[in-house]
Amino acid sequence: MKPAKESKILPRKELREPGAELPKRETHPASAIKRHKSKVAALGCYICRMLGLGITPPQLHHIREGQGMSQRADDVLVIPLCPEHHQGDTGLHGLGTREFKRRYRVSELDILADTLEKIA
Ligand SMILES: [Zn+2]
Ligand SMILES: [Zn+2]
């Protein structure tokens, strides 16, 4: 006769007890966004860096500017561009996103992905 299978009892340690409080946040999310933005800004203008012009103080371009995103979403989706490469004649707004991509071979989303990777 086979012995009855022992029923395995899973350790309960790892399970969150019902009603247990979530770990307290160390900081308010708004200050996390602030930190995020200053990290992005610290990278300097993406295009200047790419062109070997060094680290120039950037403005933060909002990826979905004017598309009715919430301010908070906007504040996370930012890329660093100096005034010229942002609003100037050779910049994203001056050229338009399509021409900007043609000229520099990067889209604003490429820059965003690279930026997020760099500050991760
Ligand atoms: Zn620049
Ligand atoms: Zn912009």
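A nonpolar core is a set of buried Ala, Val, Leu, Ile, Met, Phe, Trp, Tyr and Cys residues that are joined through C-beta atoms within 7 Å. The exercises below use this idea on a predicted model.

**Exercise 1. Describe the order of helices and strands in the protein chain.**

Solution. Begin with the inventory, which is seven helices and two strands. Then read from the N terminus on, where the elements follow the order α-α-β-α-β-α-α-α-α. As a last step, look at how the two strands meet: strand β1, residues 59-62, pairs with β2 in the antiparallel sense over four bridges, and one of the residues involved is His 61, whose bridge partner in β2 is Ile 79.

**Exercise 2. Find which residues form the largest nonpolar core, and which element gives the largest share.**

Solution. First list the members, of which there are eleven: Val 40, Cys 45, Tyr 46, Ile 47, Val 78, Ile 79, Leu 81, Cys 82, Leu 92, Phe 100 and Ile 111. Next assign them to elements, and you find that α2 (46-50) and β2 (78-81) are the ones that give two or more residues to this core. The largest share, three residues, comes from β2. Finally, examine the two sides of β2, both of which are covered, since Val 78 and Pro 80 on one side and Ile 79 and Leu 81 on the other are all buried. In general, the side chains of a regular strand alternate between the two faces of the sheet.

**Exercise 3. Decide whether Phe 100, Gln 87 and Arg 105 are buried, partly exposed or exposed.**

Solution. The cut-offs come first: a residue is buried if 20 or more other C-beta atoms lie within 10 Å of its own, exposed if 12 or fewer do, and partly exposed in between.

- Phe 100 lies in helix α6, and because it has 22 C-beta neighbours inside 10 Å, it counts as buried. Apart from its neighbours within four places in sequence, Phe 100 is in contact with Leu 92 and Leu 95.
- Gln 87 belongs to helix α4, residues 83-87, and its 14 C-beta neighbours inside 10 Å make it partly exposed. Leaving aside neighbours within four places in sequence, Gln 87 is in contact with His 93 and Gly 94.
- Arg 105 is found in the loop between α6 (97-104) and α7 (108-119), and with 9 C-beta neighbours inside 10 Å it counts as exposed.

For the chain as a whole, buried residues make up 14% of the 120 residues.

**Exercise 4. Explain what is notable about the phi of Arg 105.**

Solution. Start from the general rule that most residues other than glycine have a negative phi. Then compare the value in this model, where Arg 105 has a phi near 60°, which is positive although the residue is not glycine. A positive phi also appears just after α1, where Gly 44 takes a value of about 80°.

**Exercise 5. Compare the span of helix α1 with its expected span, and locate Ile 33.**

Solution. Helix α1 has 14 residues and reaches 20 Å from its first C-alpha to its last, which is close to the 20 Å expected at 1.5 Å a residue. Ile 33 sits in this helix, residues 29-42, and is partly exposed, with 15 other C-beta atoms within 10 Å. To finish, set sequence against space: Ile 33 and Val 76 are 43 residues apart in sequence, yet their C-alpha atoms are 6.6 Å apart.

Notes. Residues are numbered from 1 along each chain as its sequence is written. Chains are lettered from A and ligands numbered from 1 in the order in which they are written. This is a predicted model: local features need pLDDT of at least 70, side-chain atom pairs count only at pLDDT 80 or more; totals for chains, interfaces and linings use all residues. The expected span of a helix is 1.5 Å times one less than its number of residues. Two residues are in contact if their C-beta atoms, placed from the backbone, lie within 7 Å. Two strands pair if DSSP finds at least two bridges between them.
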